[in-house]
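Student: Can we go through this chain together? I would like to start with the sheets and end with the odd backbone spots.

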Amino acid sequence: MEIEEGSRESGHVVCGSWIRRPKKVNWVVIAKASKRRGSSPALLNIFSFDPVTASLSSSPLATHTLKESDGDPVTVTVHPGGDYFICSTSKGGCKSFEIVGGATGVTILAKELLPLQNAGLQKCMAFSFDGSKLAVGGLDGCLRVMEWPNLGVILDEPKAHKSIRDMDFSLDSEYLATTSTDGSARIWKAEDGFPLSTLERSGDENIELCRFSKDGTKPFLFCAAQRGETPLVNVYDISTWKKLGFKKLSRKTASTMAVSLDGKYIALGGKDGDVSVAEVKTMEIYHYSKRLHLGQSIASLEFCPSERVMLTTSSEWGEMMTKLSVPKEWKEWQIYALLFCLFMASVVAAYFFFENSDSFWRLPMGKDQKRPKISLFGDSSTPSEDHSRWNLDL
């Protein structure tokens with residue numbers, strides 16, 4: 001069953017992202033642009049998530065108001081540790097925010113990122129999976145990779161692309177993939193910023209989005225591409241950066257793309273508001289939400305870190321939570337419970353079989369069956385016969 005929830009009354013949600021907290025608790029940060037005519041400022045809200053109802057809290061845990069000089073939020077990326085997130089703005093470059101507190105109270109502390117304070121409009125950002133690097137891609141095509149949290153510059157390439165559209169770090173934080181508005185895609189060595197490869201594509205093909213596999217066993221890079229009028233997902237081998245194949249997973253052009261943290265599912269958010277979710281192992285559609293954001297391009301899409309729930313946002317329909325209609329998976333305690341039940345069942349079956357079957361050491365003997373006596377002279381007789389003969393001899 002699909003559960004959907006949206007803040008349709010706002011209509012100004014720009015993007016959203018999950019925040020992983022200790023003990024498998026999940027929060028969500030929602031960035032909202034200012035309303036026209038100055039009736040409402042730009043906001044950053046943090047909500048708690050209820051896995052039972054697959055919904056966000058009715059009121060935010062914490063709120064931060066952006067200054068008018070900062071402009072509106074553009075995109076948000078959250079540190080894997082869950083204590084920091086970065087927000088790029090339409091006027092003020094990028095800002096860092098620290099999340100302080102817990103169940104009793106949450107506070108958002110704003111901090112300046114001096115290397116990115118006047119960097120211009122940044123369209124996409126990403127933390128590496130080990131949390132040691134931050135990459136930002138600008139509207140002007142400049143790619144920056146920095147150490148976190150000391151912000152030491154690893155790469156500052158002003159002509160990485162015509163204009164950077166999307167980016168993603170590999171699971172081992174070794175590689176960074178970037179795509180451009182001109183349809184090209186490049187691979188960079190995250191440690192030193194060295195350009196490794198430019199992904200192959202056909203003449204009429206434009207690579208738009210990129211996500212690395214995350215299950216730790218299949219070293220793939222998935223790229224949403226447009227070949228003429230046909231949307232495709234290309235699959236590349238990250239050991240050679242050669243294309244292994246492609247698959248059509250959606251009927252419309254994708255505006256955003258995501259891979260679940262366990263690597264089992266890949267999702268595409270369409271420019272028409274549809275969402276397609278496919279299993280990576282088979283590359284077959286397992287969930288399809290038609291017109292989830294009716295007539296609106298999906299701005300951001302992310303899998304919940306611990307539940308089969310997706311967060312999607314759009315400017316018209318706000319944020320939505322969608323419970324995925326995919327096969328349920330065994331939890332760790334359920335697996336142990338099943339193994340225990342199987343063990344007990346085998347013990348009971350063995351006991352029942354032992355009690356109701358002939359034992360090797362208890363051979364059945366009839367009522368009149370008597371053990372014969374072997375005579376030394378070759379004559380055998382029963383014990384009663386021997387006793388009679390002994391009496392007669394006397």
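Tutor: What follows is a walk through a predicted model.

Student: Start with the sheet around strand 14. What is the strand order?

Tutor: The order is 14-15-16-17, in an open sheet of four strands with antiparallel pairing. Strand 14 (164-169) and strand 17 (195-198) are the edge strands, each pairing on one side only. From one strand to the next the twist averages 20°.

Student: How many bridges hold strand 14 and strand 15?

Tutor: Five bridges, in the antiparallel sense, with strand 15 covering residues 175-180. As one example, Asp166 has Thr179 in strand 15 as its bridge partner.

Student: And what sits in the loop between strand 14 and strand 15?

Tutor: Ser173 is in that loop. Its phi is near 65°, which is positive in a residue other than glycine.

Student: Is Ser173 buried or exposed?

Tutor: Ser173 is buried, because its relative accessible area is 5% and the limit for buried is under 20%.

Student: Which residue comes within 5.8 Å of Ser173, C-alpha to C-alpha?

Tutor: Phe129 is at that C-alpha distance, with the two positions 44 residues apart in sequence numbering. Phe129 belongs to the loop between strand 10 (122-127) and strand 11 (133-138). At 27% relative accessibility, Phe129 counts as partly exposed.

Student: Change of topic. How many salt bridges are there?

Tutor: The count comes to 13. One of them pairs Glu208 with Arg165, where the closest N and O atoms are 3.6 Å apart. Glu208 is in strand 18 (residues 205-212) and Arg165 in strand 14, so this pair links distant parts of the chain, 43 residues apart.

Student: Which side of that pair is buried?

Tutor: Glu208 is buried, at 11% relative accessible area. Arg165 is partly exposed, at 26%.

Student: What does Glu205 pair with?

Tutor: Glu205 forms a salt bridge with Lys243, and the closest N and O atoms are 3.3 Å apart. Because Glu205 lies in strand 18 and Lys243 in strand 21 (residues 242-247), the pair ties together parts that are 38 residues apart in sequence. Glu205 is buried, with a relative accessible area of 0%, whereas Lys243 is partly exposed at 24%.

Student: What about Asp262, what is its partner?

Tutor: Arg308, with the closest N and O atoms 2.5 Å apart. Both ends are in loops: Asp262 between strand 22 (254-259) and strand 23 (265-270), Arg308 between strand 26 (300-303) and strand 27 (309-314). They are 46 residues apart, and the pair links distant parts of the chain. Asp262 counts as partly exposed, at 31% relative accessibility.

Student: Which residues are joined into a network by shared partners?

Tutor: Asp70, Lys95 and Glu112 are joined into one network by salt bridges that share partners.

Student: Now the interior. How many residues are in the largest nonpolar core?

Tutor: It has 18 residues, and Ile46, Val76 and Phe85 have the most contacts inside it. Elements that give two or more residues to this core include strand 1 (13-21), strand 3 (43-50), strand 6 (73-78) and strand 7 (84-89). The largest share, three residues, comes from strand 2.

Student: And on the surface, what makes up the nonpolar patch?

Tutor: Phe340, Phe343, Met344 and Val347 form it, with about 400 Å² of accessible area together. Phe340 is in helix 1 (residues 332-355). Phe340 is exposed, since its relative accessible area is 53% and exposed means over 50%.

Student: Last topic, the backbone. Where is the cis peptide bond?

Tutor: It joins Trp148 and Pro149, with omega at about 10°. Pro149 is in the loop between strand 12 (143-147) and strand 13 (153-157).

Student: What is the phi of Arg291?

Tutor: It is positive, about 55°, although Arg291 is not a glycine. Arg291 is in the loop between strand 25 (284-289) and strand 26. At 54% relative accessibility, Arg291 counts as exposed.

Student: Why point out such spots at all?

Tutor: Because most residues other than glycine have a negative phi, and most peptide bonds are trans.

Technical notes:
Residues are numbered from 1 along each chain as its sequence is written. This is a predicted model: local features need pLDDT of at least 70, side-chain atom pairs count only at pLDDT 80 or more; totals for chains, interfaces and linings use all residues. Side-chain values use heavy atoms; hydrogens and water are left out. Patches are made of residues with over 30% relative accessible area and no salt bridge: like charges are joined within 9 Å, nonpolar side chains (Val, Leu, Ile, Met, Phe, Trp, Tyr) within 5 Å. Accessible areas come from the Shrake-Rupley method with a 1.4 Å probe; for residues, only the protein chains shown count as cover. A salt bridge is a side-chain nitrogen of Lys or Arg within 4 Å of a carboxyl oxygen of Asp or Glu. Buried means under 20% relative accessible area, exposed over 50%, partly exposed in between (1.4 Å probe, protein chains only). Two strands pair if DSSP finds at least two bridges between them. Axes are lines fitted to C-alpha atoms, for helices over the stretch in contact, and angles run from 0 to 180 degrees between N-to-C directions. A nonpolar core is a set of buried Ala, Val, Leu, Ile, Met, Phe, Trp, Tyr and Cys residues joined through side-chain atoms within 4.5 Å.
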